[in-house]
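Me: I would like to learn how to read the main features of a protein model, one at a time. Please give the general idea before each case.

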Amino acid sequence: MSLQLTYLIMITIEYENCQRIDGIMMYDFIVVGGGSAGCALAARLSEPADSKVLLIEAGPVDRSPYIHMPAGFFKMFRKPQTPFAFGYSTAPRDEVDGREMALRQGRVMGGGSSINAMVYTRGCAQDYDRWANEEGCPGWSFADVLPVFRRIEDNEIFACEYHGTGGPVGISSPISPNRLSKTFVQACQQAGIPYNPDFNGERQAGCGLYQLTQRRGRRSSSAAAFLGEAKGRPNLTIVTNALVERIIVEGGRARGVQYRTGHQQQVAESESEIVISAGAIGSPKLLMLSGIGPADELTALGINVRHDLPGVGKNFHDQMNVDMVYELKGPYSLERYAKPHWQMWAGLQYLLFGTGPVTSNIAEAGAFWYADRGRSQPDLQFHFMLGANTQPGTPAMAGKWGCTLDSYFSRPRSRGSVTLRSSDPTDSPVIDPAYLTDPYDVEMSINGAELSREIMSQPAFAPFVAKEHFPAEVGRTRKDLEKFIRRFGRTAHHPAGSCKMGSDAMAVVDPQLRVRGIDGLRVADSSIMPSLVNSNTNFPCMMIGEKASRMILGNR
């Protein structure tokens with residue numbers, strides 16, 4: 001049986017789970033986007049047996065073995081193009097030497113949680129208190145979100161006031177940490193950064209091995225964690241490889257969605273609510289295609305304005321990564337497994353024992369520290385990666401081995417936008433994170449690069465590191481590093497803020513995540529963050545999806 005025929009049969013079976021009225025499929029809830037937040041939402045909304053839920057994902061089902069084997073992240077992410085991600089590029093800016101940067105976002109069931117490095121971090125308590133107390137988001141303080149984090153967590157090590165057990169998302173420590181990862185932790189301590197066994201506990205500052213969104217050596221993505229059992233429910237319909245073209249708005253209320261699978265256009269209607277969880281790029285794009293956004297921009301593209309909401313697509317921001325690559329004296333990194341006989345050995349070890357390098361997420365160790373020493377909480381994050389060519393744009397080392405230390409200033413002040421290129425749903429939007437447009441971000445990024453060099457020069461690395469490979473030709477002055485960062489800095493793949501939550505005139509959603517001025521419509525993903533947290537964004541997005549489901553089901 002062909003894959004195409006199998007897919008059509010699956011879709012036919014799924015459609016039997018919903019009610020049809022005059023050829024239109026009817027549901028209680030429609031979730032657009034099967035990413036970190038969307039999978040959590042769809043699973044929780046379908047827990048009541050009388051709720052009919054539709055989940056629509058733009059990408060394929062997460063069947064690839066590279067998704068579920070942790071080290072598969074390296075194979076998927078280092079390539080300029082991957083079948084599991086939108087191949088977006090940022091708009092060129094003078095501040096980054098006129099470059100267009102690749103900015104990949106998950107396009108597969110599980111979204112970013114299916115293709116990321118599985119690093120489990122949540123951010124500082126002060127990040128969420130800032131949302132609640134300074135940015136107009138009551139109900140989102142750390143005291144409010146901590147119980148949500150704990151509810152979705154199944155931590156194999158920690159069980160305390162900061163951590164949960166028994167939740168859907170597996171959290172574990174590295175199974176077979178590489179020797180170099182441990183050396184990095186020692187070097188950080190030699191550089192004055194204290195050891196921290198738990199970045200998500202009482203304090204975030206320090207260095208250590210990351211905990212990972214893994215369970216028994218396999219990726220614990222949002223799809224695997226939340227949809228593992230839920231996808232078998234008769235009241236949950238899942239449609240993949242589908243492009244949602246617009247939200248249907250009538251009389252100030254979101255009534256349904258229009259989407260396309262292949263060459264066939266479909267319409268599904270909601271009797272209760274529609275939730276957009278398409279990410280910091282996809283969510284504002286869909287709102288604007290639906291006539292919800294800045295009226296002047298929509299009118300200029302010939303889009304019928306349903307609701308003038310000027311904040312849609314604004315406040316967009318991302319963290320900028322600075323990679324420092326080092327040549328090693330021997331085959332100490334995971335690059336040794338590029339040779340066929342080592343690959344075979346690693347594969348057998350994984351299949352037989354569930355251990356070894358295949359369980360590695362490549363970025364096993366890291367640190368949180370201060371770019372601005374006047375801050376009370378860390379504002380730098382580091383990932384130590386067990387290879388030299390882990391990201392597009394970093395130079396390879398032919399015949400040699402290497403490692404990479406990246407840093408990023410986690411609370412950027414620069415703000416950009418996501419705007420439509422045209423009214424065609426298949427067109428990528430214009431994505432402008434406005435990296436380094438605020439001078440403060442430049443200074444903090446330079447501080448991070450300087451600290452990276454300091455860490456890598458510590459005695460712990462002396463037996464392993466031969467020399468700096470990239471940017472070896474760059475001088476040691478701050479001006480030299482600024483030029484390097486503007487030329488080679490890249491996205492941290494943590495875009496956020498483009499449908500921000502709040503109560504001011506530029507807020508797109510209120511603290512209940514309801515789109516202002518449109519009934520029956522919410523947004524729940526990283527786009528609602530008024531400002532980034534000091535963290536990778538995957539687990540906070542899962543929390544947002546879980547919290548949104550409680551808001552919705554509590555209002556039924």
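Reply: Let us begin with secondary structure, where helices (H or I, at least four residues) and strands (E, at least two) are DSSP runs, numbered from the N terminus. By that definition, the chain has 14 helices and 26 strands. The model is a predicted one, in which local features need pLDDT of at least 70 and side-chain atom pairs count only at pLDDT 80 or more, while totals for chains, interfaces and linings use all residues. Residues are numbered from 1 along each chain as its sequence is written, and side-chain values use heavy atoms, with hydrogens and water left out.

Me: What does the radius of gyration of the chain come to, and what does the globule rule give for 556 residues?
Reply: The radius is taken over C-alpha atoms, and the globule rule is 2.2 Å times the number of residues to the power 0.38. Here the radius of gyration is 23 Å, close to the 24 Å from the rule for 556 residues, so the chain is as compact as a globular protein of that length. Along the principal axes, its C-alpha atoms fill a box of roughly 70 × 50 × 45 Å.

Me: How should I read burial, and which residues have the most contacts inside the largest nonpolar core?
Reply: In soluble globular proteins, nonpolar side chains tend to be buried together. Buried means under 20% relative accessible area, exposed over 50%, and partly exposed in between (1.4 Å probe, protein chains only). A nonpolar core is a set of buried Ala, Val, Leu, Ile, Met, Phe, Trp, Tyr and Cys residues joined through side-chain atoms within 4.5 Å. In this chain, buried residues make up 62% of the 556. The largest nonpolar core has 82 residues, and W140, V257, L513 and L521 have the most contacts inside it. Helix α14 (residues 538-554) supplies the largest share of this core, seven residues. Apart from it lies another core of 70 residues, including M320, I446, M456 and F470.

Me: Which residues form a salt bridge with a partner far along the sequence, and what does the pair tie together?
Reply: Side chains of opposite charge can pair when their charged atoms come close. A salt bridge is counted when a side-chain nitrogen of Lys or Arg is within 4 Å of a carboxyl oxygen of Asp or Glu, and the structure holds 27 of them. One joins R93 and D432, whose closest N and O atoms are 2.6 Å apart. R93 lies in the loop between β4 (85-89) and β5 (102-106) and D432 in strand β23, so the pair ties together parts that are 339 residues apart in sequence. R93 counts as partly exposed at 24% relative accessibility, whereas D432 is buried at 13%. Contact means heavy atoms within 4.5 Å, and, leaving aside neighbours within four places in sequence, D432 is in contact with A91, R93, F316, G416 and S417.

Me: Where do nonpolar side chains form a patch?
Reply: Patches are made of residues with over 30% relative accessible area and no salt bridge, like charges being joined within 9 Å and nonpolar side chains (Val, Leu, Ile, Met, Phe, Trp, Tyr) within 5 Å. Accessible areas come from the Shrake-Rupley method with a 1.4 Å probe, and for residues only the protein chains shown count as cover. On the surface, M344, L348, L351, L352 and F353 form a nonpolar patch with about 630 Å² of accessible area together. L348 is in helix α11 (residues 340-353), and L348 is partly exposed, with a relative accessible area of 42%.
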